[in-house]
Amino acid sequence: MVNPAPQAITILGSTGSIGESTLDVIGRNPGRYRVAALTANRNVDRLAAQCAQFGAGFAVIADTALAGKLSRALVETGSKARVLTGAEGLAEVATLPDVDIVMAAIVGAAGLAPTLRAAQAGKKILLANKEALVIAGHIFMQAARNGGACILPVDSEHSAIFQALPADFGKGLESVGVDRIILTASGGPFLDFPATELRDITPSQACKHPNWAMGRKISVDSATLMNKGLELIEAHWLFNAAPSQLEVLIHPQSIVHSMVAYRDGSVLAQLGTPDMRTPIAYALSWPERIDAGVERLHLAGMSDLSFREPDLQRFPCLGLAFDALREGASAPVTLNGANEIAVAAFLEKQIRFDQISRLVGEVMQATEKRAINCLEDVVECDAMARHKATQTMRTMI
Ligand code: NAD
Ligand code: MG
């Protein structure tokens, strides 16, 4: 039998945690994928090294001022990649005619524009960038439908749900017998931390997740449980789930990655060693299964798989996200914009850990909800939320 031609892939955000894991999986499956383009925000050296190792055709640096530095680094590594820059460069490699797959692994709202272009161009999109869906779910899903794009979840919870749903779930959760979707959450590093000590947590403590190694922004989101809140909104759009069909359960071991409960009482779960290469590999090869380099799950050695309700008082961000999901329209955009500012300020040691949820809550309260009809509406509401968050922050410090 003749081997099929390798599938061409663009990785948006290749120097990040998801980007690196994606390249690791690709490297384990020679001949199956061809790296068309890799992109980074500012990490020139890592980008050049990746381009040389994987023979990328294009290298995109989002920060246009670093174009010259990237060209020199590519020469040094022996890579022949063509240099592109800025938003235009990202859009170009997300829509290249010969690209089959786009891994969307830029962090934050910055990932929306190129991912949306990939959706319009009908690519197979491996979606890690949850913020894009949180702020522009309706626009994004419609663009994917119109462009004929296929969206495959990379977030471990959504991959688990996707694996536990029947193939025809698109006709409606109720019609395929689903009662509810249960997202599991590890609870992050401060699940059982004394409540009085939460205010003094440092960025390095917050970025030390007990089960997962991730980028800094999502690590802080996991510690506040905002990550789970963003994932609720992500699940709403990916699976067309009503807020009443979505639940969160704390599961500190991160072995059960999420569950789908059916009308007849069955609950289907997906289990695995906590390693993002499993959901990345599944999205890459779906509906087939490929080697991901992940350690086998040894259930016999596990004495405890436990579950409990989340404590919304200790983790107000989860409650705020539930509210934004129920409110809809611009509320998730405001939630996300304020959170991005708050997390960046916390990482810069400008605000305390407990002030993240306070800041997001205050911005949500001070912002009137409005309709989101187009990308310009998203951009405007996002800018307004960031502006308000920056101003509110000044009253806190
Ligand atoms: P990261 O910070 O490790 O990497 C982010 C990548 O995006 C880097 O390549 C960086 O250069 C690029 N980038 C950052 N800002 C940019 C900008 N303004 N313009 C262009 N490129 C930019 O992040 P990560 O942990 O890999 O997460 C990436 C996305 O995947 C996030 O949306 C996150 O929520 C989601 N996700 C991550 C994990 C995980 O385990 N890390 C799990 C589930 C979902
Ligand atoms: Mg997740």
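Helices (H or I, at least four residues) and strands (E, at least two) are taken here as DSSP runs, numbered from the N terminus. The model is a predicted one, so local features need pLDDT of at least 70 and side-chain atom pairs count only at pLDDT 80 or more, while totals for chains, interfaces and linings use all residues. Residues are numbered from 1 along each chain as its sequence is written, chains are lettered from A and ligands numbered from 1 in the order in which they are written, and side-chain values use heavy atoms, with hydrogens and water left out.

Backbone oddities come up first. Proline 287 sits in the loop between helix H11 (277-285) and helix H12 (316-327), and the peptide bond joining tryptophan 286 to proline 287 is cis, with omega at about 5°. Asparagine 240, although not a glycine, has a positive phi of about 50°. Its loop runs between H10 and strand S9 (246-250), and asparagine 240 is exposed at a relative accessible area of 61% (exposed is over 50%, buried under 20%, partly exposed in between; 1.4 Å probe, protein chains only). Lysine 349 also has a positive phi, near 60°, and is a residue other than glycine. Lysine 349 belongs to the loop between helix H13 (331-347) and helix H14 (354-366) and is exposed too, with a relative accessible area of 67%. For context, most residues other than glycine have a negative phi, and most peptide bonds are trans.

Next comes the metal. The magnesium ion (ligand 2) gets its protein donors from Asp155 (OD), Glu157 (OE) and Glu231 (OE), which lie 2.1 to 2.2 Å away. Donors here are N, O and S atoms within 2.8 Å of the metal (3.2 Å for Na, K and Ca); water is not among the atoms, so sites may look incomplete. Along the chain, the donors are spaced as D-x1-E-x73-E. Distant parts of the chain are linked this way: glutamate 157 is in helix H7 (residues 156-164) and glutamate 231 in helix H10 (residues 226-239), 74 residues apart. Both glutamates are buried, glutamate 157 at a relative accessible area of 8% and glutamate 231 at 1%.

Ligand 1 has 22 residues around it, the closest being Thr15, Ser17, Asn41, Glu131 and Gly215; a residue counts as near if one of its heavy atoms lies within 4 Å. Several polar contacts (pairs of N or O atoms within 3.5 Å; within protein, one must be able to donate a hydrogen and the other to accept it, and residues adjacent in sequence count only if both atoms are side-chain atoms) involve oxygen atoms of ligand 1. The side chain of threonine 15 puts an N or O atom 2.8 Å from one such oxygen, a polar backbone atom of glycine 215 is 2.9 Å from an oxygen of the ligand, and for a backbone N or O atom of alanine 128 the distance is 3.4 Å. The protein covers 86% of the 840 Å² of accessible area that ligand 1 has on its own (Shrake-Rupley method, 1.4 Å probe; for residues, only the protein chains shown count as cover). Helix H1 (17-27) and helix H6 (130-147) are the elements that give two or more residues to this shell. Domain 1 (7-153) and domain 2 (160-273 + 301-394) each supply at least three residues, with bounds from an automatic or database domain assignment.

Finally, threonine 392 in helix H15 (residues 375-394) is buried at 16% relative accessible area, and its side chain reaches the backbone oxygen of lysine 388 at 2.6 Å.
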